[in-house]
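Me: Please take a close look at one part of this model: a helix and the strands it packs against. I would like the strand order, the pairing and the angles, with the cut-offs behind each term.

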Amino acid sequence: PLHVLAQWPGGRSTRFYDFKVQTTRITKLCNTKDIVTVNGMYPGPVVYAEEDDRVIVKVTNESPYNVTIHWHGIRQRLSCWSDGPSYITQCPIQAGQSFTYEFTLVKQKGTLLWHAHVSWLRGTVYGAIVMYPKTGVPYPFTYPYEEHIIILGEYWLKDVVQLEKAVLASGGGPPPADAFTINGHPGPNYNCSSNDVYRIDVVPGKTYLLRLINAALNMENLFSIANHRMTIVEADADYTKPFATDRVMLGPGQTMNVLVTADQSIGKYSMAMGPYMSAQGVPFQNISAIAYFQYLGALPTSLSLPARLPIFNDNLAVKTVMDGLRSLKSGHVPKEIDQNLFYTVGVNVQQCHSPTPQQNCQGLNNGTMAASMNNISFVKPKISLLEAYYNRINGQFTEDFPGVPLKFYDFVNGAPNNSPNNTQSMIGTRTFVLEYGTRVQLILQDTGTVSTENHPIHLHGYSFYVVGYGSGNYNPQTAQFNLVDPPYLNTIAVPVGGWAAIRFVADNPGVWFMHCHFDIHLSWGLASAFIVKNGKGELETLPHPPADLPRC
């Protein structure tokens, strides 16, 4: 294997981390309860590394629940076994067991996140990944005076594993979170939380880099700072052309680096996290989480200036931020396409088959809620897809996911809505197979069944160029594409009642999950998987599984 190493980026160094997944007693919102954490920390520990480093994380499960950890946005070149989604690339790490994740940060730098990828445990099991440029390589923007990580989250008083079970058993939708949090702190708008506030102390005149991460479970969120503009310089760990804005929207799994200059009069300024809810009729938490951007010299007792957030359904504010995202580098977008795919994304209502409909069919019109891609709701297999594929184990999945919808209609305005009679999806563990090196264009199209909605769609193992997006039904004749400097993301917020077009080259062999990053939609089946076949030679071939891969 020596010749392989010669072509592989020799990571400057190897970073070792020890993650102990454990239950931790925590008091929040006047309530003391046990939550699952890593190393007793909420949010969890930060993984720091440099571009091209090798990262090794030993995860020991000391909790009573099954656990996996996903390294969201890490490319996992030739390390699909370490990607982390349960029943996709591995069986969960069972209580008392451990598994060591190993991957190389090939040409990756910036802010990402890690989180649990089993049931709804990522409600509390999450943390930041900070990848610095190689030593001596500067940022392509003004060097900040300080950097701060800001993780947006949601907090439930109920145990999140029980919560998922209860919601799925009910057939209905999920309850709103009990609080939004910033770095685990709800802030003064919530009960018993006037001292449970995150604060950044800032020096007047200095510029700060904020690494924004959305780790919320079922919500997209708006974020702003009172009286201060933010300049976006990176999105999903890819440098962007600087773009100044008063607010940003982050879907779960999305990250953004912004520069903020403390150029206002000395005082205490609020940083606010509120809801962006584009669907109709879905209950949500409407109380903002607040943190402080506090100037040195401001009186601690002084009132904070309130941050203005757009109204919860301000689709235009979201589009404006998206319009401003342009990759710093240009000229890398695949121009020729080998495989054109078209996937609808949306919500379904299945007919009630329960003998106790009052308990189990609380969805629309006494049906049960579901969600799908191309009207197929994904069902997790009994062992991991990657093991079934690698070891040629039959009966776990099929290779017949349709590359286009089985029927075309007016997806946005003419969607079937006679729930549950014509709103059902098919179920299956279907995958789409790509030959190594295939240049893919995928259209993601929102549908109006139940409600149109902005869906944050995440692709594992790849970043992709967002070459276009728009409202209404995708029309190749009128669609405007940017093939010069489109943003290079790992999670795309598909516009409500609209579409997004993404492009990537399938040059990483393995089984790669693609799903909505609202956990409720993932639980309901809004997911599918790509199988990318091996190419030629060792650098294009998935290695054998690690010896300590968990068993189901």
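Reply: **A helix and its strands**

Helix α3 lies across strands β14, β15 and β17, and runs at about 130° to β15. Contact here is heavy atoms within 4.5 Å; axes are lines fitted to C-alpha atoms, for helices over the stretch in contact, with angles from 0 to 180 degrees between N-to-C directions. Helices (H or I, at least four residues) and strands (E, at least two) are DSSP runs, numbered from the N terminus.

The model is predicted: local features need pLDDT of at least 70, side-chain atom pairs count only at pLDDT 80 or more, and totals for chains, interfaces and linings use all residues. Residues are numbered from 1 along each chain as its sequence is written, and side-chain values use heavy atoms, with hydrogens and water left out.

The strands β14, β15 and β17 belong to an open sheet of six, ordered β10-β9-β12-β17-β14-β15, with mixed pairing. At its edges are β10 (179–182) and β15 (238–245), each paired on one side only. From one strand to the next the twist averages 25°. Two strands count as paired if DSSP finds at least two bridges between them. Strand β14 (residues 230–235) and strand β17 (residues 255–261) run antiparallel and are joined by four bridges; Thr-231 has Leu-259 of β17 as its bridge partner.

A further open sheet has five strands in the order β11-β19-β18-β13-β16, and its pairing is mixed too. Here β11 and β16 (247–250) stand at the edges with a single partner strand each, so one side of each has no neighbour in the sheet. The twist averages 20° from one strand to the next. Helix α3, residues 315–324, packs on this sheet as well: it touches β13 (220–225), β16 and β18 (268–276), and its direction makes about 90° with that of β16.

At the β11 edge, this strand pairs with strand β19 (residues 289–295) in the parallel sense over four bridges, and Asp-201 has Gln-294 in β19 as its bridge partner. The side chains of β11 (residues 199–202) alternate: Ile-200 and Val-202 point to one face and are buried, whereas Arg-199 and Asp-201 point to the other and are not. Buried means under 20% relative accessible area (1.4 Å probe, protein chains only).

As for annotation, UniProt (unreviewed entry) places "domain: Plastocyanin-like" at residues 21–134, 146–297 and 419–535; such annotations may be inferred rather than shown by experiment. Over residues 146–297 the chain is 48% strand and 7% helix, with its end C-alpha atoms 18 Å apart.

Terms used. Buried means under 20% relative accessible area, exposed over 50%, partly exposed in between (1.4 Å probe, protein chains only).
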